[in-house]
Amino acid sequence: MCGIVGYIGPKEAAQFLIEGMSKLEYRGYDSAGIAVFDGHKINVEKTVGRLGMLEKKIEQAPPKGHTGIGHTRWATHGRPSDVNSHPHTDCTGKFVVVHNGIIENYLHIKEKLIEKGHTFTSETDTEVVAHLIEEYYDGDFEAAVKKVLAEIEGSYALVFMTEYEPDKIICTKQDNPLVIGLGEGENFIASDIPAIINRTRKTFILSDGEMAIVTKDSVWVQNRQGVPITKKIFEVNWDAEAAEKGGYEHFMIKEIYEQPKAIRETMLGRLAKDDSSIILDELKWTKEDVAAIKKIVIVACGTAYHAGIVGKYYLEQLARMPVEVDIASEFRYRSPLVDESTLAIVISQSGETSDTLAALKEAKRLGARTLAVTNVVGSSISREADQVIYTWAGPEIAVASTKAYTTQLISMCLLALYIAGLKEAIAPERLKELIHGLKELPAQAHELLEDVEPIKTFAQQYGFNEDVFFIGRSLDYAVALEGSLKLKEISYIHAEAYAAGELKHGTLALIVEGIPVIALATQKDVYEKTLSNIKEVKARDAVVIGLAMQGDEQIKKYVDHTIFIPATEKYLTPILAVIPLQLLAYYAAITRGCDVDKPRNLAKSVTVE
Ligand code: M6R
């Protein structure tokens with residue numbers, strides 16, 4: 001989960017490299033480096049720390065030249081340090097490489113190269129690639145890269161440069177994203193689109209196993225066997241502003257506020273005008289297709305996993321389908337009972353999460369039909385899955401997922417209703433009510449975001465507590481899980497979510513005077529039971545913040561503070577209830593002076609196992 005950029009053209013390469021890297025810092029930010037060819041030799045500048053440290057380092061004398069590559073790192077092999085930063089070079093300094101991913105057989109290669117006399121300076125897996133190319137180069141850069149690729153195993157996006165053939169940059173990928181941006185007399189390379197959209201909107205995405213030879217005037221793509229490949233060029237229609245903070249202090253708060261729009265866009269064109277059905281043209285399933293599905297497994301990580309838990313409620317209760325939900329890193333190693341009659345749904349904002357991608361491949365290997373719910377067009381997961389539902393949330397930059405989660409919930413709800421319609425598992429009138437409820441959500445989310453003062457006050461009041469508990473039943477429990485993840489991830493407060501009925505089986509021992517408990521009570525069918533659980537924690541002198549639906553006067557008698565969400569359908573409450581919890585986490589993090597968009601030890605896109 002690092003960021004890669006590359007430039008070849010008439011302009012100063014370093015300028016674009018730094019600019020592009022600043023758009024990718026969310027992918028990795030423990031060190032940064034660039035390599036630029038000055039007409040005679042390649043100069044490498046790199047340093048541990050954020051990109052700002054590198055900018056400072058080169059401020060007085062930025063490397064000059066028109067061809068260069070750059071990298072922002074999130075350490076995997078080897079701690080963050082100057083020497084472990086990319087780009088990496090061979091013994092002669094004539095070859096440089098930047099890399100995202102992991103070279104799994106690097107130790108074996110390293111031993112072999114050391115025996116041959118190579119000297120290593122870093123602890124990284126990447127450095128073997130630079131030495132391997134030195135080893136294989138005999139006057140043909142392209143041929144040497146192919147030999148390297150034949151030897152390395154693992155996942156990678158790799159970009160190479162050499163002093164011997166400075167008129168080209170070579171790049172290739174396996175299970176890690178790489179995008180080529182096409183300019184006039186100049187070309188760009190990046191691991192993600194935001195890095196290049198200020199310079200060009202004409203792009204294409206490299207596929208696994210492809211290799212691109214990029215010069216200032218051309219890009220040649222071929223496979224490992226040298227067979228030329230014609231790529232489909234597409235125009236990126238993202239607003240450059242959309243990848244910027246746009247006046248907000250942090251990406252996270254900007255993205256929280258983008259939710260009404262994001263929710264609307266997720267539903268765009270997918271709800272019949274007369275509220276009678278869900279339109280998912282990307283699936284075009286028949287009754288027979290649905291009848292062939294005997295079981296659904298939902299697999300994902302982190303926030304996307306929490307969306308999967310809500311998805312299970314939707315698919316079971318609305319579409320009457322049996323559903324299992326699993327964490328991707330568990331699923332892939334548990335010999336899951338999956339076959340041709342299984343529909344495997346993977347949920348991933350980035351579409352690049354390594355564990356989720358591996359789980360998807362495992363489900364495919366076992367014969368399952370696969371469906372990805374993802375936000376990123378052209379991502380590895382979107383290309384690996386049989387079918388895709390895009391969440392259309394727009395780029396999410398903050399490490400903490402917010403609009404990705406709400407749009408994943410909408411997507412799962414649409415899917416459940418779509419299947420329910422095909423199965424005739426839902427009465428047409430009920431379907432209409434739910435579609436009507438969906439249509440009201442953007443305005444309701446907007447309403448919620450209009451008055452955040454009480455939430456700011458709670459955050460200031462309880463932001464310095466070391467422990468916070470979230471409780472809820474049914475869909476409220478699923479949302480509690482996400483609320484607690486948000487809080488711990490960005491404010492570093494120890495937060496736990498419990499199914500409210502489970503408290504008395506152990507956790508109640510932790511509830512003591514003054515502990516904040518956020519109690520979600522939006523589900524009518526379990527409301528009385530939740531109230532009993534609230535009484536249990538109140539009896540231990542916890543401070544309870546109740547999160548309930550507008551119009552619920554009863555709750556006020558049992559809790560210390562209340563947060564109300566607009567009244568909606570029971571199934572749609574998670575989409576609104578999570579918003580105050582996101583805000584609470586955000587303002588608690590601000591109160592504690594945390595780095596909201598880049599929480600410690602975390603990265604946006606987890607492309608390593
Ligand atoms: O890109 P993905 O949705 O696959 O990412 C999965 C998780 O890494 C992600 O949701 C993570 O938990 C977020 N940082 C939570 O805010």
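In the classes used here, Ala, Val, Leu, Ile, Met, Phe, Trp, Tyr, Cys and Pro count as nonpolar, Asp, Glu, Lys and Arg as charged, and the others, Gly among them, as polar. With these classes in hand, the lining of the second largest pocket can be described as 13 nonpolar, eleven polar and seven charged residues. The structure is a predicted model, and this pocket is a convenient place to enter it.

The second largest pocket has a volume of about 660 Å³, and of the 31 residues that line it, Cys301, Gly302, Thr303, Glu489 and Val606 are the closest to its centre. Helix 9 (302-317), strand 17 (342-348), helix 11 (354-365) and helix 16 (475-491) each supply at least two residues of this lining, and helix 16 provides the largest share, four residues.

Strand 17, one of the elements lining that pocket, also belongs to an open sheet of five strands, which are arranged in the order 16-15-17-18-19 with parallel pairing. Strand 16 (323-327) and strand 19 (387-390) stand at the edges of this sheet with a single partner strand each, so one side of each is left without a neighbour in the sheet. From one strand to the next, the twist averages 20 degrees. At one end of the order, strand 15 (residues 295-300) and strand 16 run parallel and are joined by five bridges, and within this pair Val299 stands opposite Asp326 of strand 16. Helix 9 packs on the sheet, where it touches strand 15, strand 16 and strand 17, and its direction makes about 175 degrees with that of strand 16. Helix 13 (residues 403-423) packs on the sheet as well, touching strand 15, strand 17, strand 18 (369-374) and strand 19, with a direction that makes about 160 degrees with that of strand 17.

Another sheet is found earlier in the chain, and its pairing can be set beside the one just described. Eight strands form this open sheet in the order 3-2-4-1-10-9-11-14, and here the pairing is antiparallel. Its edge strands are strand 3 (42-48) and strand 14 (234-235), each of which pairs on one side only. Strand 3 pairs with strand 2 in the antiparallel sense over seven bridges, and Ala35 has Val44 of strand 3 as its bridge partner. These two strands form a hairpin with four residues between them, and in the turn Gly39 has a positive phi of about 105 degrees. Elsewhere in the sheet, strand 9 (residues 179-182) and strand 11 (residues 202-205) pair in the antiparallel sense over three bridges, with Val179 standing opposite Ile205 of strand 11.

Helices lie across this sheet too. Helix 1 (residues 13-24) lies across strand 1 (3-8), strand 2 (31-37), strand 4 (67-73) and strand 10 (187-190), and runs at about 155 degrees to strand 1. Helix 2 (residues 51-58), in turn, lies across strand 2 and strand 3, running at about 135 degrees to strand 3. In the loop between strand 4 and strand 5 (88-89) one finds Pro87, which is joined to His86 by a cis peptide bond with omega at about 0 degrees.

Helices also pack against one another, and one such pair is helix 7 (residues 259-267) with helix 14 (residues 428-450), whose axes are 8 Å apart and meet at an angle of about 170 degrees. Because angles over 145 degrees count as roughly antiparallel, helix 7 is roughly antiparallel to helix 14. On the side of helix 7 the contact is made by Pro260, Ile263, Arg264 and Met267, and on the side of helix 14 by Leu438, Lys439, Leu441, Pro442, Ala445, His446 and Leu449. By class, this contact has eight nonpolar, one polar and two charged residues. Lys284 is placed in the loop between helix 7 and helix 8 (287-291), and its phi is near 50 degrees, a positive value in a residue other than glycine.

The structure also holds two cavities of 30 Å³ or more, and the second largest cavity has a volume of about 80 Å³. Its lining includes Phe458, Ala459, Tyr462, Leu487, Ile518 and Leu584. Helix 15 (453-462), strand 22 (516-521) and helix 18 (573-591) are the elements that give two or more residues to this lining, and the largest share, three residues, comes from helix 15. By class, the lining of this cavity has eleven nonpolar, one polar and no charged residues, whereas seven charged residues are counted in the lining of the second largest pocket.

Notes: Residues numbered from 1 in each chain as written. Predicted model: local features only at pLDDT ≥ 70, side-chain atom pairs only at ≥ 80, totals over all residues. Heavy atoms only, no water. 1 Å grid on protein atoms, 1.4 Å probe; cavity = no way out; pocket = protein on both sides within 12 Å on 5 of 7 lines; lining within 4 Å. Points joined across faces, edges and corners; volume = space filled by probe spheres on them. Pairing = 2+ DSSP bridges. Contact = heavy atoms within 4.5 Å. Axes fitted to C-alpha atoms, helices over the stretch in contact; angles between N-to-C directions. Parallel < 35°, antiparallel > 145°, perpendicular 65-115°, else oblique.
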